[in-house]
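Welcome, and thanks for taking a look at this one. Please have the sequence and the 3D view open side by side as you read.

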Amino acid sequence: MRQRIRCLTITLLAGTTLLAGGCSSVMTRVGPSQGYYSGAKNDIKMIKDDDTGWAMTPLLALDLPFSAVVDTLLLPYDYYRSGSNPENDSPRARVLRDEQISGVNNVAPHYE
């Protein structure tokens with residue numbers, strides 16, 4: 001029975017670590033193009049920042065190797081996006097394009 005509990009605990013911890021790893025890599029790719037290795041760069045930038053809280057620093061240090069691996073796997077995607085205009089890839093620009101295509105007007109506020 002103890003061996004099953006130990007095996008289950010190890011499996012849950014490993015699974016959680018793998019699922020949580022590379023968060024910065026995913027988050028930086030949601031918005032406009034950030035260049036190559038954007039997740040690892042974001043982790044390092046936040047670790048060096050004085051405004052980062054004491055609880056966040058170890059999590060960022062834990063996430064850094066996973067973000068580097070995910071960034072390496074996503075290099076072809078970053079290369080594909082490298083020639084695009086970052087303003088055209090923003091979520092706001094995509095929503096505005098979709099509204100124009102669908103014929104819906106004045107749904108999202110236009111700030112200029």
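The sections below cover confidence first, and then a few residues and the elements around them.

## How confident is the model?

Please keep in mind that this is a predicted model. The mean pLDDT of the protein chain is 78, and 76% of its residues reach 70 or more.

Which elements sit at the two ends of the confidence range? Helix α1, covering residues 2-20, has the lowest mean pLDDT among the elements, at 75, while α3 has the highest, at 90. As a general caution, where pLDDT is low, the predicted coordinates should not be read in detail.

## S24 and its polar partners

Let's start with S24, which belongs to helix α2, residues 23-28. Is S24 buried or exposed? Its relative accessible area is 4%, and because buried means under 20%, S24 counts as buried.

Setting aside residues up to four places away in sequence, S24 touches G39, N42, D43, D63 and S67. Two of these contacts can be described further: the side chains of S24 and D43 are joined by a polar contact of 2.5 Å, and a polar contact of 3.4 Å links the side chain of S24 with that of D63. Along the chain, S24 and D43 are 19 residues apart, yet their C-alpha atoms are separated by 6.7 Å.

## The buried side of α3

D43 brings us to α3, where S38, G39, A40, N42 and D43 are buried. What do the buried residues of α3 pack against? Their partners are α2 and α4, the latter spanning 56-73. The contacts of S24 fit this picture, as they include G39, N42 and D43, and S24 itself lies in α2.

## Y37 and D78

Y37 is found in the loop between α2 and α3, with α3 covering 38-48. Here is a backbone detail you may like to check in your viewer: Y37 has a positive phi of about 55°, although it is not a glycine. For background, most residues other than glycine have a negative phi. Y37 is partly exposed, with a relative accessible area of 31%.

One of the residues in contact with Y37 is D78, which is placed in helix α5, residues 75-81. D78 has a relative accessibility of 7%, so it counts as buried. Leaving aside neighbours within four places in sequence, D78 is also in contact with R29, G35, Y36 and D71. In this pair, then, Y37 is partly exposed, whereas D78 is buried.

Definitions and conventions:
Residues numbered from 1 in each chain as written. Predicted model: local features only at pLDDT ≥ 70, side-chain atom pairs only at ≥ 80, totals over all residues. Heavy atoms only, no water. Helix = DSSP H or I, 4+ residues; strand = E, 2+ residues; numbered from the N terminus. Buried < 20%, exposed > 50% of the residue type's maximum accessible area, 1.4 Å probe, protein only. Contact = heavy atoms within 4.5 Å. Polar contact = N/O pair within 3.5 Å; in protein donor to acceptor, adjacent residues only side chain to side chain. pLDDT = per-residue confidence, 0-100.
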